[in-house]
Amino acid sequence: MSESNPVIEEPTFCEVHPTRETSLRCNKCGRLMCTECAVLTPVGYRCRECVRQHEDKFFNASQYDYLIVAAVAAGLTGVGAVIASMIGFLLLIIIASIPVGGAIGEAALRATQRRRGRYSGHVAAAGVVAGGLIGGLIQTYARYGSQASEIARRFPGREVPALPLDVALTSTVSDISLLLFIGIVAFTVYGRFRMRI
Ligand SMILES: [Zn+2]
Ligand SMILES: [Zn+2]
């Protein structure tokens, strides 16, 4: 007479945390993992290593792509910042910033055949801030230059001092509409890179 043989399950433990009992396995590589180690993905629970490997396949940008993204974002935002500070109409700038940011993000993606890296969004946003401030600075100097030549025209012989860089910088960063423009564009460009299309 044979007794039915109950299957005695040996306790199993997380491969990273050997003291934590678990029976949950990564559905890709099969390793045991505790709830802290498991990552819920659209295709089920996976271990961190498999998630990272999957992301690395998605993130295919090279260092060179990062440079292109930064340069495109900086260049276009620089031009945009010059135009924005020429307009100087706050409401229009706020309304225009989001589509402008979307277009800059799209241009940066196209420039690199849509290759993306883990930090593409950060790099693009940093490019936006740098380019926007440089554009604003150029506009500050251009404005000062036209005022200076106006003074020179009206008062011939009067010496107009050159604008010191620190004064120009202070004037640029206290331009609220420029800062709003840069902020919204940076936010939108970063968001564009987070979208996986
Ligand atoms: Zn795995
Ligand atoms: Zn664990």
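1. In this predicted model, a good place to begin is the pair formed by helix 4 and helix 5, where helix 4 passes helix 5 in a right-handed crossing. On the helix 4 side the contact is made by L133, G136, L137, T140 and Y141, while helix 5 contributes A168, L169, S171 and T172. Sorted by character, the residues of this contact comprise 5 nonpolar and 4 polar ones, with no charged residue.

2. The geometry of this pair can be stated further: the axes of helix 4 (residues 120–154) and helix 5 (residues 165–173) come within 9 Å and cross at roughly 115°. Because angles of 65 to 115 degrees count as roughly perpendicular, helix 4 is described as roughly perpendicular to helix 5.

3. Turning to helix 6 (residues 176–194), one of its residues is I184, which counts as partly exposed because it has 19 C-beta neighbours inside 10 Å. Leaving aside residues up to four places away in sequence, I184 touches I94, S97, I98 and G101. Y141, named above as part of the contact with helix 5, lies 43 residues from I184 in sequence and 24 Å from I184 in space, C-alpha to C-alpha.

4. Helix 2 (residues 63–87) allows a check of its length: at 1.5 Å a residue its 25 residues should span 36 Å, and the end C-alpha atoms are 36 Å apart, so the two values agree. Just after helix 2 comes G88, whose phi is positive, at about 65°.

Technical notes:
Residues are numbered from 1 along each chain as its sequence is written. Chains are lettered from A and ligands numbered from 1 in the order in which they are written. This is a predicted model: local features need pLDDT of at least 70, side-chain atom pairs count only at pLDDT 80 or more; totals for chains, interfaces and linings use all residues. Helices (H or I, at least four residues) and strands (E, at least two) are DSSP runs, numbered from the N terminus. A residue is buried if 20 or more other C-beta atoms lie within 10 Å of its own, exposed if 12 or fewer, and partly exposed in between; C-beta atoms are placed from the backbone. Two residues are in contact if their C-beta atoms, placed from the backbone, lie within 7 Å. The expected span of a helix is 1.5 Å times one less than its number of residues. Axes are lines fitted to C-alpha atoms, for helices over the stretch in contact, and angles run from 0 to 180 degrees between N-to-C directions. Angles under 35 degrees count as roughly parallel, over 145 as roughly antiparallel, 65 to 115 as roughly perpendicular and the rest as oblique. A crossing is left-handed if the near helix is turned anticlockwise from the far one by less than a right angle, and right-handed if clockwise. Ala, Val, Leu, Ile, Met, Phe, Trp, Tyr, Cys and Pro count as nonpolar, Asp, Glu, Lys and Arg as charged, and the others, Gly among them, as polar.
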